[in-house]
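Colleague: Could you walk me through this model? I'd like to hear the reasoning behind the labels.

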Amino acid sequence: MRKPSPPKKDIIDYFIRGRLKNCSVIYICQRFYETPKDIRLSCLHFIVYEFPSAYEKSLICRELGCTKERYTDAISKQYYFIYIDKPMWDYYMKNSCIPNG
């Protein structure tokens with residue numbers, strides 16, 4: 001099976017500059033770390049489903065700033081996911097308060 005080619009620079013530029021042009025861009029992927037880092041850093045909202053690898057779970061939790069317990073609780077049932085709103089999560093973490101839900 002052929003591995004898909006990485007996104008072209010045009011897609012990355014479009015995604016990053018979309019916000020500056022008041023455009024909401026949605027990037028859907030199946031592998032978190034195959035998403036270009038420029039896109040991951042520009043994202044404000046994440047919806048993450050179950051990952052089979054415990055190592056990858058811990059990396060994603062560390063990068064997104066959520067605890068493994070909160071992640072595990074959020075995805076405890078089939079088709080459940082965790083939604084992370086980066087601006088609000090960063091606000092709550094800076095103020096030492098964890099949001100409900």
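Modeller: Sure. A helix here is a DSSP run of H or I with at least four residues, and a strand is a run of E with at least two. By that rule the protein has five helices and two strands. Keep in mind that this is a predicted model.

Colleague: In what order do the elements of the protein run from the N terminus on?

Modeller: They go α-α-β-α-α-β-α.

Colleague: What makes a residue count as buried?

Modeller: Its relative accessible area has to be under 20%. Of the 101 residues, 26% count as buried. As for the accessible surface of the protein, that comes to about 8300 Å², and 56% of it belongs to carbon and sulfur atoms.

Colleague: Why is the largest pocket called a pocket and not a cavity?

Modeller: In a cavity the probe fits but cannot get out, whereas a pocket is an open set of points, so the label tells you this one is open. The largest pocket has a volume of about 820 Å³. Of the 29 residues lining it, Y27, I28, H45, F46 and I47 are the closest to its centre.

Colleague: Which elements give two or more residues to that lining?

Modeller: Helix 1 (9–18), helix 2 (37–42) and strand 1 (45–48). Strand 1 gives the most, with four residues.

Colleague: How do the lining residues divide into nonpolar, polar and charged?

Modeller: There are 17 nonpolar, seven polar and five charged residues in the lining. Tyr, Ile and Phe count as nonpolar, so Y27, I28, F46 and I47, among the closest to the centre, fall in the nonpolar class.

Definitions and conventions
Residues are numbered from 1 along each chain as its sequence is written. This is a predicted model: local features need pLDDT of at least 70, side-chain atom pairs count only at pLDDT 80 or more; totals for chains, interfaces and linings use all residues. Side-chain values use heavy atoms; hydrogens and water are left out. On a 1 Å grid over the protein atoms alone, a cavity is a set of points where a 1.4 Å probe fits but cannot get out, and a pocket is an open set with protein on both sides within 12 Å along at least five of seven lines; lining residues have an atom within 4 Å of a point. Grid points are joined across faces, edges and corners, and a volume is the space filled by probe spheres set on the points. Buried means under 20% relative accessible area, exposed over 50%, partly exposed in between (1.4 Å probe, protein chains only). Accessible areas come from the Shrake-Rupley method with a 1.4 Å probe; for residues, only the protein chains shown count as cover.
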